[in-house]
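Visitor: I would like a close look at one single part of this protein. Please pick a strand and take me through its surroundings step by step.

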Amino acid sequence: MAEYDAIVLGAGAAGLMCAATAGQMGRHVLLVDHAEAPGKKILISGGGRCNFTNVHAKAENYLSANLHFAKSALGRYRPQDFIDLVDRYGIAWHEKTLGQLFCDGSARQIVDLLLEECQAGGVTLLLGHPASAIDHADGRFRVTIDGQAHTAPALVLATGGPSIPKMGATGFAYDVARQFGLSVVQPRPALVPFTLGDDEVLFRELSGISSEVEVRWNKVKFREAALFTHRGLSGPAMLQISSYWQHRTPIGVNFLPDRGADWLLTEKREHPRMQFATVLSRGLPDRLAAALGERLALAGELGNLSDKALRAAEARLRDWQFAPNGTEGYAKAEVTAGGISTADLSSQTMEVKRTPGLYAIGEAVDVTGWLGGYNFQWAWASGRAAGQAI
Ligand code: FDA
């Protein structure tokens, strides 16, 4: 039987940070993953360049049943703390847009950094073996891995959520959580493309076309690019709103986020001989303009179209209603929203209130970030908080 101060299950972003932190504080840590290599999602993140943080990351950029929960950990480990770590390793980075920081080189540099940090903390890494059984008795957790028992007074659940199962993602953390009587907020795919039904087939024919939009669902809005796909809608704007969206509800898309009010009437006054289709294509990609024009059923010179018809057309272009019939699900979801309820956890340490020594961090917890480096920042911050506490 091997004995440790802490066993961390899951060598992803949160587990690596947690193990390195605890190890460097003198704890004897075992870090376990059923995959053959650590940090697989880090490697594919940000198109291979890892959007490792967002300089604007605050609790407001996260979804959770308790919107205050993430404040403490995010406040104690800030984007600048991770940037300092990246700088210490001499990893070059750049800001792409909206505070999103990416490696200039490769996401591999972030995994190597975390592994070196683990090594500096003397962390024992055990890869390629799932944990088959977890017991808790006499203040110690006993984890059976490949037939061998490992025990520790602290156990950290860092096995993420079930998004992208083909990469080895599982709902294992939820099973363990339920075993210990914790609540799990209904998990659902998030940051995921929408699928459209047959009545919106016209838009599926625009596959590959992207346009800057403002997308709305209830009171939530995002201003980013939308991408039409052969199955529906994707692109950053759609991924962002998908995390909030509820089934059988419409989303509203403003295709004219940069145009002032009464744009079409102004164009009519200034260019009465211009064709309606030409005006649209001045503000939108040609094929999208043609498809929207067809749906609006307006054609001819602006001067021949009534103000009422132009006002109605503009109102539609500013609030085009799509009714997605679903999403592409866990197979394409960048993250899983929902997860282990924050009500059962300490926001300071991520420890389960009723079961001292048990911790949950990262995506396994009901804290889900926006697209743009927010999810890694949560993984670092929650991993750090638990690592310091064990
Ligand atoms: P993570 O999923 O990273 O790690 C969990 C680990 O547990 C895995 O190594 C897994 O193998 C292991 N595991 C699972 N079940 C197990 C079991 N039963 N036994 C043992 N081990 C088990 N975020 C961001 O901020 N910037 C970005 O650029 C991107 N880009 C991106 C691209 C793509 C394609 C995806 C899918 C996701 C992103 N993300 C992202 C999201 C980000 O990858 C995600 O939020 C973090 O990896 C979550 O970190 P965790 O450590 O919590 O889980």
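Guide: Here is a walk around one strand, and then outward to the rest of the chain.

Keep in mind that this is a predicted model. Start with the whole. The protein chain holds 13 helices and 23 strands. Its C-alpha trace spans about 85 × 40 × 35 Å along the principal axes. Of its 390 residues, 47% count as buried. Contacts often link distant parts of the sequence: among those with a separation of 6 or more, 72% join residues 24 or more positions apart.

Now to our strand, β3. It covers residues 29–33. Is β3 enclosed or open? Count its buried residues: five of the five. A residue counts as buried when 20 or more other C-beta atoms lie within 10 Å of its own. Every residue of β3 passes that test, so the strand is largely enclosed by the rest of the structure.

Look at the side chains next. In a regular strand they alternate between the two faces of the sheet. In β3, Val29, Leu31 and Asp33 point one way. Leu30 and Val32 point the other way. Both sets are buried.

Which strands pair with β3? One is β2, residues 6–9. The two run parallel and share four bridges. Find Ile7 in β2: Leu30 of β3 stands opposite. How does the chain get from β2 to β3? The path goes through helix α1, residues 13–24. This β-α-β crossover is right-handed.

The other partner to see is β8, residues 124–127. Here too the pairing is parallel, with four bridges. Leu31 of β3 has Leu125 of β8 as its bridge partner.

β3 also leads to the ligand. There are 39 residues around the ligand. Those that come nearest are Gly10, Gly12, Ser45, Gly160 and Gly362. Four elements give two or more residues to this shell: α1, β3, α2 (40–44) and α13 (374–389). So both our strand and the helix of its crossover appear on that list. The largest share, four residues, comes from α13. By class, the shell has 19 nonpolar, 15 polar and five charged residues.

Step away from β3 to another set of strands. β1, residues 2–3, runs parallel to β11, residues 148–152, and two bridges join them. Glu3 has Thr151 of β11 as its bridge partner. β11 also pairs with β10, residues 140–145. That pairing is antiparallel and has five bridges. Thr144 stands opposite Ala149 in β11. Between β10 and β11 the hairpin has two residues, and Asp146 takes a positive phi near 50°.

A helix makes a useful next stop. α6 covers residues 172–179, and its buried residues are Phe172, Ala173, Tyr174, Val176 and Ala177. Several strands help to cover them, including β9 (131–137), β12 (154–157) and β21 (335–340). After the helix comes Gly181, with a positive phi near 80°.

Finish in β21, where Ala337 has its place. Ala337 is buried, because 26 other C-beta atoms lie within 10 Å. Leaving aside neighbours within four places in sequence, Ala337 is in contact with Leu63, Arg188, Ala190, Ser243 and Thr368. Glu95 lies 242 residues from Ala337 along the chain, and their C-alpha atoms are separated by 26 Å.

How values were computed:
Residues numbered from 1 in each chain as written. Predicted model: local features only at pLDDT ≥ 70, side-chain atom pairs only at ≥ 80, totals over all residues. Pairing = 2+ DSSP bridges. Buried ≥ 20, exposed ≤ 12 C-beta atoms within 10 Å, placed from the backbone. Right-handed = clockwise from strand over helix to strand, strands pointing away. Near = placed C-beta within 6 Å. Nonpolar A, V, L, I, M, F, W, Y, C, P; charged D, E, K, R; others polar. Contact = placed C-beta atoms within 7 Å.
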